[in-house]
Amino acid sequence: MSFNFIKYKRNLPKQRNIKTRINDFEDYNNYWSQKDLKEQSSRCMGCGVPFCHQACPLGNFIPDWNNLVSKSNWENALKSLHLTNNFPDFTGRICPAPCEASCVLNINNDPVAIEQIEKEISEKGWGNGWITPEIPVNRTGKKIAVIGSGPTGLTAAQQLNRLGHFVTVFEKDPKIGGLLRFGIPDFKLDKFILERRVDQITKEGVEFIVNAHVGVNINVDDLIKDYDVLLLACGARHPRDLDIPGRDLDGIHFAMEYLTHQNIINDSELDLNQKQISANAKQVVIIGGGDTGSDCLGTAHRQKVKSVFQLELLPKPPKQRTEDNPWPQWPKVFVNSSSQDEGGIRKFSILTKNFIGKNGKVSGLNTVKVNLDNGVFKEIADTEKIIPADLVILAMGFDKPDLGDVVKLLDLKLSQNDHVKTNSNGLTNIDKIFAAGDMVIGQSIVVSAIAEGRKVAESINDYLSNH
Ligand SMILES: Cc1cc2nc3c(=O)[nH]c(=O)nc-3n(C[C@H](O)[C@H](O)[C@H](O)COP(=O)(O)OP(=O)(O)OC[C@H]3O[C@@H](n4cnc5c(N)ncnc54)[C@H](O)[C@@H]3O)c2cc1C
C-alpha cells in the first residue's frame, strides 16, 4: 500500500500568464508532465473509504481510474471513466468538482486533483484515437425526439441511440450545445471540445436539426404523432431580474445576452446581426457574485474593460469551513475563480437600491451595505454609495424554464417553483412525454445535466420495452 499523499503535495498545472491570456479567448489552463500525472494520481491510493464518488452526481469510479493512471494504463482508465460519464472532456474542464470537496484528503490536507486527471485521461483518449463512434449493431425501430441540445439532451440522445433507438434532436439555436456553446466562455471550454463530441454522436447515428424551435416553427402535435417518445431537455434560462427604479435604462443587460454575444463573435460560422454588447473601455458593474458573474468578468477583461466591479448581496464567505459546514459537504468558503484572479473588484454585502441614468442611459448604481440578520437583509446606516457604470450586467441566476412555448402548448404540470414536474422516472403528466435536466431540477451544473440525461435515457428505454 502506498501513501503517496504524504510524499507528494497537490499541485495543478501552471495556468497561462494572466497578462497574456486576457488578450485572447483560448483555454487559460495547461497540462501536467508525465511525472506530475503519476504523482498526482498516486495521491489517491491508500484511501480507506473513498467518499469522492458519492459526491459525484455520476458516481464516477474515481479511485479506479486514478489507480490506472498511476500505472500509466490510460486506455483502461478511459474505459472506466466512460462507464459513468459520456463527456469527461467537459467535466474535466468546467466541473466545480464536488468529488474534490468530499475527497478524504480534504479533511486535513489538499484533495486529489481529480478534475485535472479526468481532463488528462480524456485528452489522452482523443490523442490516441481511442474515442470513436459507438454505432449500435441492432436497431429497435423506435423513434425518439429530444428537444434541446444542452448536456442533458446530448447525453440522453447518445445513450438512447447506443441502445438502438432512432433519435432526432431538435434545437432552436443555430448550433448544438445549449449553454455549453452559448453560455460558457471559450477560455473555460473551447468549442472544438464540444464539436468533436457532436461529430461523434452524429456518426453514431443521431440526427440533429437546428433552428428548430418546437412550439414555434416545429409543430409539437406532429412530433407526438411521428415519435414514440418526446424528451424535453430545454434548460432553465429565465433570468432573475432586478425590479428597482431605473431598470429600464439603456446599458443594463442580462448575463446570457452579454455572454452569448461574445460566443457568437468567437465563432466565424455564426452571424451577429445586432450591435455587440461590449465592455471595451467601459466602467462595468456585474451584479451577482457567482460563476455566471465570474464568466462575465473574464469576458470583460478580454474586451479590455476600463474598470469592473462584481457585487454580491451575501456576506463574504469565511476562509475556512465553519463548524456547521463540515467535510464532506460542499465547502462554503471564499475562493477566487480564474477570472477573478485576472482582476476586478469584488464587493460583498452590497444591495443595489436603484440605477441612475443620464439621457436614458445608465450612468451608475446607488448601493448600500447590508447585514444579513435572521435571513433578512438590513441596510447599514450611512453606507450609501454611488458606483459609476456605463454597462451593468445582471448575473443573479435563473429561476425557471421558458414557459411560453412547448410547456404551455402541452399544458405540462409544474412544480411549486415553476419547473416541469415529472415522476421519479422523468415522465411528465402526459404519456410518452419525458423531461429532464435544468428544466426539471432547476439551474444546476453540467455534471448533473449529464447524470439527468443518463437517468432519463434508462427510463425511456424501460418505457419503450413495455409500449
Ligand atoms: C453562463 C453560465 C456558465 C456556466 N458555467 C458552468 C460551469 O462552468 N460548470 C458547470 O458545471 N456548469 C455551468 N453552468 C451550468 C450548466 O451550463 C447547465 O447546468 C447545463 O447546461 C444545463 O443543461 P441542460 O441541457 O439541462 O440545459 P441547456 O444547456 O440550457 O440546454 C437547453 C437547450 O434547449 C434548447 N431549447 C429550449 N427550448 C427549446 C424548444 N422549444 N425547441 C428547441 N430547443 C429548445 C435551448 O436552446 C438549449 O440549447 C453554467 C451556466 C451558465 C448560464
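**Exercise 1. Domains**

Task: Work out into which domains the chain of this predicted model is divided, and how far apart the C-alpha centres of domain 2 and domain 3 lie.

Solution: Begin with the division of the chain, which gives domain 1 (4-127), domain 2 (143-237 + 399-465) and domain 3 (241-396). Then take the C-alpha centres of domain 2 and domain 3, and you find that they lie 30 Å apart. The contact between these two domains takes 13 residues from domain 2 and 14 residues from domain 3.

**Exercise 2. The interface of domain 2 and domain 3**

Task: Find how much area domain 2 and domain 3 bury between them, and which three residues supply the most of what domain 2 buries against domain 3.

Solution: The two domains bury about 1,100 Å² between them, and 55% of this area is on carbon and sulfur atoms. On the side of domain 2, Lys175, Phe182 and Phe187 supply 51% of the area buried against domain 3, which is more than any other three residues supply.

**Exercise 3. Charged and polar pairs**

Task: State how many salt bridges are counted between domain 2 and domain 3, and describe the pair formed by Asp267 and Arg181.

Solution: The count between domain 2 and domain 3 is four salt bridges. Asp267 forms a salt bridge with Arg181, and the closest N and O atoms of this pair are 3.8 Å apart, which can be checked against the cut-off of 4 Å for a salt bridge. Across the interface of the two domains there are also eight residue pairs in polar contact. Helix 11 (residues 179-182) gives the most to the side of domain 2 that touches domain 3, with three residues, and the residues of that side divide into six nonpolar, one polar and six charged.

**Exercise 4. Helix 14 and the loop after it**

Task: Decide whether helix 14 (residues 255-265) is mostly covered or mostly open, and whether Lys275 is buried or exposed.

Solution: Helix 14 is mostly covered, since nine of its eleven residues are buried, among them Met256, Tyr258, Leu259 and Ile264. What covers these buried residues includes helix 11, helix 12 (191-204) and helix 15 (291-302), together with strand 6 (252-254), strand 14 (391-394) and strand 15 (398-400). Now move on to Lys275, whose place is in the loop between helix 14 and strand 7 (283-287). Lys275 has a relative accessible area of 76%, and because exposed means over 50%, this residue is exposed. As a last step, compare Lys275 with Glu384: the two are 109 residues apart in sequence and 34 Å apart in space, C-alpha to C-alpha.

Conventions. Residues numbered from 1 in each chain as written. Predicted model: local features only at pLDDT ≥ 70, side-chain atom pairs only at ≥ 80, totals over all residues. Heavy atoms only, no water. Domains from an automatic or database assignment. Contact = heavy atoms within 4.5 Å. Buried area = accessible area lost by both parts, 1.4 Å probe. Salt bridge = Lys/Arg side-chain N within 4 Å of Asp/Glu carboxyl O. Polar contact = N/O pair within 3.5 Å; in protein donor to acceptor, adjacent residues only side chain to side chain. Helix = DSSP H or I, 4+ residues; strand = E, 2+ residues; numbered from the N terminus. Nonpolar A, V, L, I, M, F, W, Y, C, P; charged D, E, K, R; others polar. Buried < 20%, exposed > 50% of the residue type's maximum accessible area, 1.4 Å probe, protein only.
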